[in-house]
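Thanks for coming, everyone. Let me put the structure up, and then I'll walk you through it.

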Amino acid sequence: MTPAPDTDPRSRSAEPPADGPPSRLAAWQARLERLMARLRPWRWLWPPMALAAGLASFFLVERQQWLGAMLALGMLMAWILLLSESLIGRLLVRRGYPALPRGVTAFIAQLIHQETLFFTLPFLLATTVWQSGQALFTLLILSMALLSILDPLYYRMAERHRWLYFAFHAQCVFVVVLVTLPTLLHLTTGQSLVLAIGAMLLFSLPSLIHLLRPLSTPRVLAMLALLPLLAGAAWAGRAWVPPASLWISGSALSPAFARQARHPLGSTPLTPAALSGQGLYAYTAIHAPRGLNEEIVHVWRHEGVEVDRIPLAIRGGRAAGYRAWSHKQNFPEDSSGAWRIDVMTDSDQRIGVLRFTVSDDREAATLADGTIQAPSGIPGLDIRRLLPQPASPDDAPASTGKASATQQASPPADGASDEEK
């Protein structure tokens, strides 16, 4: 006996018809899989393309700022695409639609990781002070970039070590926020650093969840207590993070200074008598994106001990760097020894270092001759040398900052004169 057809709508399958949205979505997924299969043989081109985009953005920040900002915006849009793909995929699965194959999503994530790391490398290589702990941070990002193109290691990490993969993902979020926000939104390096730390903590949650499985109330409480500790550790290590939007394009030490031309003058060996008689000028030309207003600090140290902090306000947009100087006059009676001037942001990220030696022996003492020198970088990788160099004495005036040994002096906006306290 043939059973009667089921006419109760509540007993029918909840699946839509075969020609409904699921089938169309499956067709789109099949097309996407075919596209990914065609792209895989050419994926080796993606890292050099991302590196070229990063170099272009780095050089165009001054010359064609809008184009450099568009490249940075494209970098952020790629991350929004990656994050939205995961969210949309989960929503589709909950509604009964098929999800993207894991191989496709892993391939897309790998491309965006490669794009992020190779895009940000030029900024980090240019702004790293290689004689400091910043070298370790930049080498970490460089090793992550290499890992992202080694498929066996990358996919082994993604499959077998999920907590490490999510930590890798969180670090990528950290560097992309750190590099792009000063260019896009003209945020200071300190503001960008705070937002980058917040984004990194947010995306480190999956890593912590994997580490603390199986989850329980004590473990969840432990995770919530661990987040502030991670934030504090990241903030405490900020001196090791390069200020990705600021770097010194030239620096000099001199016994005198031409304030109208914004140029160091004179030449003298740095003996205690010379310093007590006329003091010393520290000149820095700091490269910053156009529209960025930031306060930097010249921190004078004698034998590693801080003796003065001189704040200076700078503005971005000058191709050869914003020229600022500090003039220290109150040297101690026994000023012999090793001196260092740390050029820092207001969030204590190191931009550069000036070193000199004071000695009664004129041969051993540093010669302060006003010669503007570019900071040393990695041989063959110092891309800063391709940018405009600091100005000569007859260059057009630019707004500067100047301070005495312990107090700031705020110049007029046009830099025509300086008030010394």
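**Aromatic pairs, cores and salt bridges**

Let's start at Phe-257, which counts as buried because its relative accessible area is 9%. Buried means under 20% relative accessible area, exposed means over 50%, and partly exposed is in between, with a 1.4 Å probe and protein chains only. Tyr-283 is buried too, at 0%.

Before I go on, the ground rules. This is a predicted model: local features need pLDDT of at least 70, side-chain atom pairs count only at pLDDT 80 or more, and totals for chains, interfaces and linings use all residues. Residues are numbered from 1 along each chain as its sequence is written, and side-chain values use heavy atoms, with hydrogens and water left out.

Now, aromatic pairs. Rings of Phe, Tyr and Trp (its six-membered ring) pair if their centres lie within 6.5 Å; planes under 30 degrees apart are stacked, over 60 edge-to-face, and the rest tilted. How many aromatic pairs does that rule give? The count is 13. One of them joins Phe-257 and Tyr-283. That pair is tilted, at 6.0 Å centre to centre with 35 degrees between the planes. Phe-257 sits in strand S2 (residues 256–258) and Tyr-283 in strand S5 (residues 280–287), so the pair ties together parts 26 residues apart in sequence. Helices (H or I, at least four residues) and strands (E, at least two) are DSSP runs, numbered from the N terminus.

Next pair: Trp-300 and Phe-331. These rings are edge-to-face, 6.1 Å centre to centre, with 80 degrees between the planes. Trp-300 is in strand S6, and Phe-331 is in the loop between strand S8 (322–328) and S9. They are 31 residues apart, so to speak of distant parts of the chain is fair. Both residues are buried. There is also a ring cluster: Tyr-154, Tyr-155, Tyr-165, Phe-166 and Phe-168 are linked by ring pairs.

Stay on S6 for a moment. His-302 belongs to this strand, which covers residues 293–302. Buried or exposed? His-302 is buried, with a relative accessible area of 15%. Leaving out residues up to four places away in sequence, His-302 touches Val-307, Pro-332, Asp-334, Ser-335, Ser-336, Gly-337, Ala-338 and Trp-339. Contact here means heavy atoms within 4.5 Å.

On to the cores. A nonpolar core is a set of buried Ala, Val, Leu, Ile, Met, Phe, Trp, Tyr and Cys residues joined through side-chain atoms within 4.5 Å. The largest one has 39 residues. Among those with the most contacts inside it are Leu-117, Phe-137, Ile-141 and Tyr-165. Helices H4 (102–127), H5 (134–149), H6 (151–160), H7 (162–185) and H8 (189–211) each give two or more residues to this core. Which of them gives the most? H7 does, with 13 residues. Phe-137 touches, among others, Leu-124, Phe-174 and Trp-240. Another core lies apart from the largest one. This second core has 26 residues, including Leu-253, Ile-296, Ile-314 and Val-358.

Helix H6 has two sides. Its buried residues are Asp-151, Tyr-154, Met-157 and Ala-158. Seen down the axis, they fall within an arc of 140 degrees, so they line one face of the helix. That arc is taken from the directions from the helix axis to the C-beta atoms. The face turned away carries the exposed residues Pro-152 and Arg-160.

Last topic: salt bridges. The definition is a side-chain nitrogen of Lys or Arg within 4 Å of a carboxyl oxygen of Asp or Glu. The whole structure has seven. Arg-309 meets Glu-306 at 3.5 Å, N to O, and Asp-348 at 3.6 Å, N to O. Asp-348 lies in the loop between strand S9 (337–345) and strand S10 (350–358), and Arg-309 in strand S7 (residues 305–315), so the pair ties together parts 39 residues apart in sequence. Asp-348 is partly exposed, at 27% relative accessible area. Shared partners join Arg-238, Glu-306, Arg-309 and Asp-348 into one network. Asp-342 and Arg-350 also form a salt bridge, at 3.5 Å, N to O. Both of these residues are buried.
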